[in-house]
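Welcome, and please open your viewer with the selection panel to hand. We will go from stop to stop, with something to pick at each one.

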Amino acid sequence: MQRRTFLRTTAATVAGSVLAGQGTRRALGQARIADLAFDSTSSLLDAAGDPLTDESLVAVWAEPTATNVDSDDDGDAGDYGDDQRIPLVGVDGSVVGFGAMVANDDADFRFGNEEFLLNVWDEQIGSGTVLWDEGHGQFYALDRFGSFERYAEDNGYTVEATENLADDLGDADGVVVTSPSDAFSGSERDALAGFVDDGGAVFLHDQSDFRNFDETDNLNALASALGAGFRFNDDQVEDEESNAGVAFVPTTGQFNDAFPFFAERDGLGLDLDPAESYEVEVVSPTDGDTVDVAFADEAGQPERPIRVLGIDTPETAANADAERPEEWEGIADEAPQPPEGESDDGDDSVRDVGELNFYSTSSLVDPSKGALTDESLVAVWAEPTAVNEDADGDGDAYVYGGEPIPLAAIDDDAGVVAFGANLVSDGADLAGPGNEDEFLLNVWDEQIGSGTVLWDEGHDQFEDYRLANFSTFESAAEDAGYTVEATTSVPERTDDADGYVVVTPDEGAPFTDEERSALRSFVDDGGVVLCHGVADFRDFDGTATLNGILDALDAGFRYNDDQVGDNENNEGQNFDILTSVLNTEEFPYLDADDTSVPPDAEYPYLAAWGERASEFAGRELPVGARLTLSFDPQSAVYDDFGRILGYLTYDATGDGSRDTLYNTEAVRQGYARVYGSSFSRHDEFWTVEDAARDAGTGLWAASNPDDSPPIRDRPVAEIFAPDPASIVRDGRRVPPGHVRAFAESSAEQEGADTTYRGDVPLAAVDKSANVAYLGAPLISEDYEAAEGYPVDTSGYENFAFVAGLVDELAKDEGPVLIEGGHGQFGLDYALSSEDAAYFGRYLEGQDAAFEQVNDLTSAASGDRLDEAKALVVTTPRFGFADAELDAVASFADDGGAVMLVGSGRAPASQRSHLNDVAAGVGSDLRLGSGRVRDTESNLNDDPGVVTTRNFGPGRGNGGGNGNGKSNGR
């Protein structure tokens with residue numbers, strides 16, 4: 001079973017930093033391989049199950065910053081202490097153990113993994129045949145190592161998969177065993193032991209046991225039989241500092257040079273020139289913002305994942321744990337859930353439909369009462385598990401024998417629709433797993449459009465089939481623009497009605513010849529007749545009355561005198577069936593989204609649009625399409641997950657010209673938002689998104705920020721400050737009257753040039769310059785429990801405090817802008833809009849938008865600054881140009897609040913860049929040197945994350961007053 005596929009299942013939220021060191025060593029031509037990345041790795045133990053400390057058995061250790069955890073919490077993991085090195089690769093003679101797969105196709109080949117593994121093979125074997133065991137339930141079969149297989153074969157090896165390892169050993173030089181789900185038998189273990197005694201090499205690959213699969217036990221039984229001095233640990237190794245984007249993919253250069261495994265050689269890594277463009281071919285669109293490609297001019301290279309630069313599409317239901325609704329303006333998780341959505345072609349009338357419930361339903365047959373097989377007429381079939389029977393036993397039912405069983409049919413030429421069941425009576429669970437009301441309204445909208453629908457009550461219908469028992473649906477239909485009225489007469493013209501519904505008339509009240517003639521005139525005039533049947537389990541024979549209508553209209557189907565049941569797909573009883581087999585190919589309007597989103601999916605609206613974004617990518621970038629890949633001068637070529645970051649240009653019209661940029665096209669059509677990183681075209685992309693939001697295009701059709709309720713809306717009582725520095729006044733202390741927040745008296749300064757005898761200022765204002773200076777990133781989302789912080793910080797008033805400072809300084813209303821054009825994204829001491837999404841959600845609840853701007857000097861940005869109430873500037877990686885400083889100063893002069901946000905983590909040069917901004921707007925407030933710590937008042941027993949209730953005079957207390965009057969749209 002697959003444990004974790006790193007590139008495809010990790011959160012797609014990182015888009016902008018280079019792998020420090022690891023990704024550049026190869027380009028520099030160093031003789032040593034690059035650092036290794038161990039995706040989802042276990043550690044190794046000694047043969048007794050204790051920490052492995054014998055360095056003669058260890059080839060690779062994790063970095064000192066790594067830890068190991070008992071990730072499945074079953075208590076069977078060996079613990080490495082803080083002062084113990086954690087082994088990841090063990091070698092005992094010709095038996096080698098790796099804690100991870102190392103070189104599977106999902107590996108990042110910019111690391112040294114494939115070179116390392118081939119070096120090991122060369123040392124242990126030299127050349128020859130390597131057998132890949134697939135006979136023990138392995139998920140990691142040879143086809144998941146296709147790139148490495150080709151690499152090994154290009155270097156003199158023959159690699160073969162086998163399901164009969166013991167029988168095939170005679171011709172082998174090496175054997176690979178990846179985490180086996182099924183144990184090796186005693187005879188198999190003996191055969192491998194004999195293979196090793198005869199000079200063969202065995203390579204064992206484990207993985208972290210984070211889901212308690214206990215494949216580790218099977219691998220250890222093998223290690224024991226081979227006499228290896230190491231065992232695999234039932235743990236997971238994590239490293240918060242040295243990793244490939246997430247802690248469970250630790251990276252390391254801790255090599256034991258006593259082993260000759262680490263010499264540089266040509267590998268599978270692909271060095272890309274950011275100044276060049278490349279032709280690529282689509283292998284597979286992964287989702288709306290990720291696509292796997294092959295490089296047209298790089299034969300033999302593995303496929304590469306492209307992270308579409310600058311955009312983000314919603315997560316699908318399967319990846320809902322990576323979704324943050326706070327990032328989607330006006331679609332907040334606390335806000336009322338928007339409607340089901342709209343179709344991909346922009347037709348707002350088409351609603352998403354889930355699994356349908358046909359309670360006590362008949363099937364449909366052809367006019368001769370045989371099987372209805374004309375797929376151009378069938379709208380819905382039962383699931384393949386369903387059967388039908390002659391429920392009343394009178395012999396007048398056609399019994400389907402393996403053919404699909406039709407439950408609903410539409411004959412456009414005859415102007416008639418037939419459903420086997422009532423679907424939407426008040427007794428139906430319209431809030432249940434299906435969307436019968438949505439489905440039926442989709443049919444009404446397509447067949448009728450709008451107007452008056454008459455509900456027949458003139459044929460002795462049982463009271464359950466009269467309009468009064470369909471009141472919930474009646475209300476929904478009227479909300480959708482219909483007038484629904486009961487009638488006892490049959491309409492002849494569309495002057496009288498647009499649609500006519502007949503629900504199971506009595507067997508003793510057939511339609512007269514005059515009525516059937518009137519119905520024929522009605523449909524000839526453009527009217528639509530909609531019939532609902534019911535299972536004839538008590539021989540009501542209302543079926544015959546309905547069939548009289550269908551006869552008169554020459555419909556291509558009739559009602560069957562039967563009952564459909566399903567023992568597997570039902571709502572508790574076999575006659576209460578469920579189905580999701582809709583004929584959307586023939587009738588696409590039946591369901592706006594033919595990709596099913598589970599009814600209990602987290603954030604179902606966004607999940608549905610995540611599916612649509614994936615479908616959009618599949619349509620625009622089909623498998624085999626040739627694209628042009630190019631790069632951004634202000635963005636890295638690779639992200640922290642090893643994915644290539646780029647622009648994809650394609651031929652959208654079929655004229656042979658690749659002149660459509662997929663990145664912006666996904667935003668333009670409402671499938672994506674702009675990602676708040678530092679790429680150079682950010683503001684251009686934002687303009688496209690702004691237009692899509694204003695027009696309600698795509699997923700933005702349900703965006704209504706005015707409906708987003710306030711969150712954390714209360715007066716300021718306590719805040720926390722992560723890694724703060726003090727605020728000073730150009731080398732002097734800030735007078736208390738300017739301070740809006742002090743650290744508690746228990747706090748101390750470390751390494752500060754300007755020290756305070758009393759309480760240390762953490763936030764101060766300079767009203768003469770319209771500046772507030774914060775010593776810490778109070779709005780960073782790194783400290784949200786939903787982002788993995790171990791303490792719930794939602795009870796602190798950081799957001800209200802910062803918003804209060806904005807209101808204290810700002811003279812106008814409008815959005816709050818955050819400047820992101822100076823490399824702030826991805827830094828641990830600075831913020832982009834991506835790093836402060838929860839603060840954006842707070843502002844949304846206060847009727848103020850939160851938007852990023854990267855180029856402060858463009859005409860478009862000038863207009864945005866004119867509308868804004870505040871500009872947030874966090875510690876820049878590099879300094880502001882004079883024109884940029886002038887733009888900030890002009891903004892402040894016009895009454896905008898300038899919010900400078902520093903950090904005690906920032907290096908001195910970056911602090912000086914932020915202080916230059918303060919000087920540029922005429923303020924003498926500065927971010928001090930050193931940092932502030934508090935061993936008494938802090939979060940999570942971390943002295944670096946101080947808490948305080950110590951506020952200065954006139955401090956902005958927020959209070960949730962919501963002073964912003966609009967979203968600045």
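A cavity here is a set of grid points where a 1.4 Å probe fits but cannot get out, and its volume is the space filled by probe spheres set on those points. Keep in mind along the way that this is a predicted model.

**Stop 1: the largest cavity**

Select Glu327, Arg673, Ser833, Phe850 and Glu851, the lining residues that lie nearest the centre of the largest cavity. About 380 Å³ of space lies inside it, and 24 residues line it. The model has 8 cavities of 30 Å³ or more by this rule. Now add strand S36 (673-674), helix H13 (682-695), helix H15 (837-845) and strand S44 (850-853), each of which supplies at least two lining residues. Colour the lining by class and you should find 9 nonpolar, 5 polar and 10 charged residues.

**Stop 2: from H13 to a small set of strands**

Follow the chain from H13 towards strand S37, and pause in the loop between them at Arg712. Arg712 is not a glycine, yet its phi is positive, about 50°. Then select S37 together with S50 and S49: they form an open sheet of 3 strands in the order S37-S50-S49, with antiparallel pairing. S37 (719-722) and S49 (938-939) are the edge strands with a single partner each, so one side of each has no neighbour in the sheet. Zoom in on S37 and S50 (residues 942-948), which are antiparallel and joined by 4 bridges. For one place to look, Pro722 stands opposite Val945 in S50.

**Stop 3: helix H10**

Next, select residues 542-552, which make up helix H10. How many of its residues are buried? The number is 9 of the 11, so H10 is largely enclosed by the rest of the structure. Highlight Gly542, Thr543, Thr545, Leu546, Asn547, Gly548, Ile549, Leu550 and Ala552 to see the buried ones. To see what covers them, show the surroundings, including strand S24 (416-419), strand S27 (499-503), helix H9 (513-524), strand S28 (528-532) and strand S29 (558-559). Following H10 is Asp554, with a positive phi near 55°.

**Stop 4: strand S7 and its parallel partners**

Select residues 128-133 for strand S7; 5 of its 6 residues are buried, so S7 is largely enclosed by the rest of the structure. S7 pairs in the parallel sense with strand S8 (residues 157-162) over 6 bridges, and Gly128 stands opposite Tyr157 in S8. Trace the chain from S7 through helix H3 (residues 146-154) to S8, and you follow a right-handed β-α-β crossover. S7 also runs parallel to strand S9 (residues 174-178), with 3 bridges joining the two. Here Val130 stands opposite Gly174 in S9.

Before leaving, click on Tyr140, in the loop between S7 and H3. Is Tyr140 buried or exposed? Tyr140 is buried, at a relative accessible area of 6%. Draw a distance from its C-alpha to that of Pro180: these atoms are 8.9 Å apart, though the residues are 40 apart along the chain.

**Stop 5: strand S5 and its hairpin**

Go to residues 87-92, strand S5, where 5 of the 6 residues are buried, so that S5 is largely enclosed by the rest of the structure. Strand S3 (residues 58-61) pairs with S5 in the antiparallel sense over 3 bridges, and Trp61 has Pro87 as its bridge partner in S5. S5 also pairs with strand S6 (residues 95-98), again in the antiparallel sense, over 4 bridges. Look for Gly90 opposite Gly97 in S6. S5 and S6 form a hairpin with 2 residues between them, and in the turn Gly93 has a positive phi of about 65°.

**Stop 6: two buried loop residues**

Select Asp235, in the loop between strand S11 (230-232) and strand S12 (236-238). Its relative accessible area is 0%, so Asp235 counts as buried. Leaving aside residues up to four places away in sequence, Asp235 touches Thr41, Ser42, Ser43, Asn68, Val69, Ser71, Ala77, Ser208 and Asp209.

Last, pick Ser360, in the loop between strand S19 (356-359) and strand S20 (364-365). Ser360 is buried too, at 6% relative accessibility. Although Ser360 is not a glycine, its phi is positive, about 50°.

Notes: Residues numbered from 1 in each chain as written. Predicted model: local features only at pLDDT ≥ 70, side-chain atom pairs only at ≥ 80, totals over all residues. Heavy atoms only, no water. Buried < 20%, exposed > 50% of the residue type's maximum accessible area, 1.4 Å probe, protein only. Contact = heavy atoms within 4.5 Å. Pairing = 2+ DSSP bridges. Right-handed = clockwise from strand over helix to strand, strands pointing away. 1 Å grid on protein atoms, 1.4 Å probe; cavity = no way out; pocket = protein on both sides within 12 Å on 5 of 7 lines; lining within 4 Å. Nonpolar A, V, L, I, M, F, W, Y, C, P; charged D, E, K, R; others polar.
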